[in-house]
Amino acid sequence: MLRSLFFSPRIRRVAVPSSPLGPTLAMDNNNRSRTTDSSVQTNPRIQKLQQIVKTDASAGWEESWKQGVTPWDLGCPTPVILHLHHSGSLPMGRVLVPGCGTGYDVVAMACPGRYVVGLDISEEAIKKAKQMSSSLPNADDFTFIKADFFSWRPTDLFDLIFDYTFFCAILPEMRSTWAQQIQNFLKPDGELVTLMFPMDDHAGGPPFKVSIEDYEEVLHPIGFKAVSIVDNELAIEARKGREKLGRWKRGVGHSSL
């Protein structure tokens, strides 16, 4: 039942003509797979990213954006986010997207009644996000902020936090702090949506491998339980089988895999 709420096995293409991003929101999974290597260990762009971050961890993400070494960036909104948004499966209110990058998901979710904040530590990423989105018709429904997720203090709490390619980008020893910030930022009845990637056995990072247990290890102690965890059937071709969509709230039971 939960599976059918979020996914339809017939969905192969997400097209939303009325979206402020127009044709950009129509994405064929097979086309995207031609630009994304499915292997973390053999992808030269990921290897280059790791070299940049290893050379200067504090400024590495900024440098990766300046050099255009952003292998996590799909160049368009995440298909499953489009599906959840247009099927009415996402809560309204205030939304936070940490590590938002170019901000495609920020713009895709933003609408009257849902104000989305895109947060990124990279000034270059925020600059690109603003350039891409400033003239869009829903520009009043989102904003971009350059800040460090781990030291930032929002003025208001959020109804929803969406994490994709952020949890896997931080050092594993920082994940407990990540969870604490999630707790600090969410309203008591707020929801955390995690698109878990990459779920494999590669060594090193970023991106660092993740598992359901990795999320549970840091979220369970602070009272978050999974409402649902399902395979992401709308993952781009190169990431199929290595992503799961988790939806978490405080004090609820885990329903199904």
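## Rings and charges in a predicted model

Arginine 94 sits over the face of phenylalanine 158, 4.5 Å from the ring centre. Keep in mind as you look around that this is a predicted model. There's a second arrangement of this kind: arginine 239 lies over the face of phenylalanine 197, at 4.5 Å from the ring centre.

Phenylalanine 158 also belongs to a cluster, in which ring pairs link Phe149, Phe150, Trp152, Phe158, Phe166 and Phe185.

Now for the ring pairs themselves. The structure has 13 aromatic pairs. One of them joins phenylalanine 150 and phenylalanine 166, which are stacked, with 6.3 Å from centre to centre and 25° between the planes. Phenylalanine 150 is found in the loop between β5 (142–146) and β6 (158–164), while phenylalanine 166 is in the loop between β6 and α8 (175–185), so this pair ties together parts that are 16 residues apart in sequence. Both phenylalanine 150 and phenylalanine 166 are buried.

Then there's tryptophan 178 with tyrosine 215: their ring centres are 6.1 Å apart and their planes stand at 80°, so this pair is edge-to-face. Tryptophan 178 is part of helix α8 and tyrosine 215 of helix α9 (residues 212–219), so here the pair ties together parts that are 37 residues apart in sequence. Tryptophan 178 and tyrosine 215 are both buried.

On to the charged side chains. How many salt bridges does a search of the whole structure find? The search turns up six, including those in this table:

| Salt bridge | Closest N to O |
|---|---|
| Aspartate 159 and lysine 187 | 3.2 Å |
| Arginine 175 and aspartate 214 | 3.5 Å |
| Glutamate 191 and arginine 247 | 2.5 Å |

Let's take them in turn. Aspartate 159 and lysine 187 meet in a salt bridge that links distant parts of the chain, with aspartate 159 in strand β6 and lysine 187 in strand β7 (residues 186–196), 28 residues apart. Are these two buried or partly exposed? Aspartate 159 has a relative accessible area of 17%, so it counts as buried, whereas lysine 187, at 29%, is partly exposed.

Arginine 175 and aspartate 214 form a salt bridge between helix α8, home of arginine 175, and helix α9, home of aspartate 214, and they are 39 residues apart. Arginine 175 and aspartate 214 are both buried.

Glutamate 191 also forms a salt bridge, with arginine 247. Glutamate 191 is in strand β7 and arginine 247 in strand β9 (residues 244–250), so the pair ties together parts that are 56 residues apart in sequence. Glutamate 191 and arginine 247 are both buried.

Key: Residues are numbered from 1 along each chain as its sequence is written. This is a predicted model: local features need pLDDT of at least 70, side-chain atom pairs count only at pLDDT 80 or more; totals for chains, interfaces and linings use all residues. Side-chain values use heavy atoms; hydrogens and water are left out. Rings of Phe, Tyr and Trp (its six-membered ring) pair if their centres lie within 6.5 Å; planes under 30 degrees apart count as stacked, over 60 as edge-to-face and the rest as tilted. Helices (H or I, at least four residues) and strands (E, at least two) are DSSP runs, numbered from the N terminus. Buried means under 20% relative accessible area, exposed over 50%, partly exposed in between (1.4 Å probe, protein chains only). A charge sits over a ring if NZ of Lys or CZ of Arg is within 6 Å of the ring centre and within 35 degrees of the ring normal. A salt bridge is a side-chain nitrogen of Lys or Arg within 4 Å of a carboxyl oxygen of Asp or Glu.
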